[in-house]
Amino acid sequence: MKFIAKGAFVASTVASIMPAQVFASIESPNLLPTPPMGFNNWARFMCDLNETLLVETADAMASNGLLKAGYDRINLDDCWMTYHRADNGSLQWNTTKFPQGLPWLGQYVKSKGFKFGIYEDSGNLTCGGYPGSLGYEKIDAETFASWGIDYLKLDGCNVYPKHGRTLQEEYKYLYGRWHEILSKMPQPLIFSESAPAYFATPENFTDWYTVMNWAPEYGELARHSVDILVYAGQGSAWDSIMTNYRYNTLVARYQRPGYFNDPDFLIPDHRGLSMDEKRSQFALWASFSAPLIISGYIPDLSTDDLTFMTNRRLIQVDQDPLAQQATLASRDSDIDVLTRSLADGSRLVTVLNHGNGTIDTSLAVETLGLSRECTYVAEDLWDGSELTIKGNLRVKLNTHATGVFKVALTEECSTVIPTGIIFNTASGNCLTGATEEVRFEPCNGDSSQTWQVDSSGSVRPLSEQSRCLTTDGKDISLQACGGAAGQQWSYGISGLMRNTDTGGCLIEGTGVDTCGFEANSQVFGLPSGVRIDEKS
């Protein structure tokens, strides 16, 4: 979405997190087994792109360590074409901007070791006012392939419902058509979808989640929220990063090998960001296993910028084959703690200081899904240093800084219990359990808001580990654990938290009631590692 501006519950292996339902993109995750890394011009240059910029970018990335680190894609965004199609209906590149042509440019970047990607729009016009793909999908796909392109970012400007379809149905129709065409190609293009971004309105997330439900069927990645702030845009770059970060925390359940949630570009040379803020964006995106697509002037990136963006340890986290997205273990007014498991059996812990002061805090290992009875060794992924953890992980951070740690598990201490907050994705409020009472409150980081989900489906807060979330079919409370009716819960791809005994769903404000469809009050975020019911 662009506006042209001036200025068992535990998943331990890849196989165990593959969905029961067949999704076309995820069925063959070899097309994009790990999130893409590379360059796109939009956030930094918008329509001010040309052949020289792309050649300079490829040359710089090949020489400054970015290509070697894994950033192997050069993607054009909007405004590369002429305002009119050729007589045969095919798109034409702007010969002033690209005098030697896009096929030549594709060959050039490939000679440097890169892959070549492009932008189009699913409507009748792109966001910049150039020809959209509506009615020309097949010829455009064939044209792109003939130019040596293997990656398509498809935007969603200028889409209007037809034939009695709703707007959401129109997007599904158009992106489904593209998916069908791309799937039949001898070498399918990687398909980056933008449709969900056009429905990310907090007042009612129902249409947004409806679109998110089919996005993994059609493409390998999807932009789900607003554009990251462009270089010439008005406003706070940090606030923009935090907006997209928070949207990403709402959709973790959709991600798995072959499909990735995309919170938009890295903007490392944005003049409005401190070094801690730049590093935080990179660390958070890596913790999410999100696409790492840089939008900056690559030849002028500083040594410090290149150092953090080529951090081998964090890139390995981003490219981890489990593709598990980090989820919230704890949240308060200053700190977010996120956790996930990695393919080598270790535990990732990411701590974001989104407050306006420095922090010095200790995190109980139980909050991280680990055992207080064990001693662990953690690696600081920024500098490779190691620290021993017994009971608590101590973290000191500057304002807007992020710490990232990889906790090694041993044979004696290999158990991880999915642990974290259970929060309503619309209100942001946390499920809170105190004595027998259960309610929703603003997240405050207390142990009464951190829940363990065991392999039987029982759910208990750290503050009351002998008591489990229980329903009588209407109300919710904490009762003594023991497998009683009303104490087993399942978690659906729709975000529903369903009681397996009564069949009712958790609803903020009313306890348990009839399960609905993607209603704001019924969609929840749960900890990573909780098994997802693909049919619910």
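1. Let's start at the boundary of domain 1 and domain 2, keeping in mind that this is a predicted model. Across that interface, 15 residue pairs are in polar contact, with both partners at pLDDT 80 or more. On the side of domain 1 that touches domain 2, the elements giving two or more residues are α9 (237–249), α10 (275–287) and α12 (312–318). If you want one element to look at on that side, pick α10: with nine residues, α10 supplies the largest share. By residue type, the side of domain 1 that touches domain 2 divides into twelve nonpolar, five polar and five charged residues.

2. How many salt bridges does the rule find across the interface of domain 1 and domain 2? The count is zero. So for charged pairs the criterion is not met here, since it asks for a side-chain nitrogen of Lys or Arg within 4 Å of a carboxyl oxygen of Asp or Glu, and the rule finds zero such bridges between these two domains.

3. Now for the extent of this interface. The area buried between domain 1 and domain 2 comes to about 1700 Å², and carbon and sulfur atoms give 60% of that area.

4. It helps to place this in the overall layout. The protein is divided into domain 1 (37–319), domain 2 (327–408) and domain 3 (419–533). In the contact between domain 1 and domain 2, 22 residues come from domain 1 and 23 residues from domain 2. The C-alpha centres of these two domains, domain 1 and domain 2, are 31 Å apart.

5. Next, a residue you may like to inspect: aspartate 227, in the loop between β6 (221–223) and α9. Is aspartate 227 buried or exposed? Aspartate 227 counts as buried because its relative accessibility is 18%, and the cut-off for buried is under 20%. Its side chain is joined to the side chain of arginine 223 by a polar contact of 2.3 Å.

6. Leucine 102 is worth a look too. This residue is found in helix α5, which covers residues 102–111. Leucine 102 has 0% relative accessibility and therefore counts as buried. Which residues is leucine 102 in contact with, leaving aside its neighbours within four places in sequence? They are Leu76, Trp80, Trp93, Phe116, Ile118 and Trp147.

7. One last distance for your viewer: the C-alpha atom of leucine 102 is separated by 10.0 Å from that of methionine 81, and the two residues are 21 residues apart along the chain.

Terms used. Residues are numbered from 1 along each chain as its sequence is written. This is a predicted model: local features need pLDDT of at least 70, side-chain atom pairs count only at pLDDT 80 or more; totals for chains, interfaces and linings use all residues. Side-chain values use heavy atoms; hydrogens and water are left out. Domain bounds come from an automatic or database domain assignment. Contact means heavy atoms within 4.5 Å. Buried area is the accessible area (1.4 Å probe) that two parts lose on being put together, summed over both. A polar contact is a pair of N or O atoms within 3.5 Å; within protein, one must be able to donate a hydrogen and the other to accept it, and residues adjacent in sequence count only if both atoms are side-chain atoms. Helices (H or I, at least four residues) and strands (E, at least two) are DSSP runs, numbered from the N terminus. Ala, Val, Leu, Ile, Met, Phe, Trp, Tyr, Cys and Pro count as nonpolar, Asp, Glu, Lys and Arg as charged, and the others, Gly among them, as polar. Buried means under 20% relative accessible area, exposed over 50%, partly exposed in between (1.4 Å probe, protein chains only).
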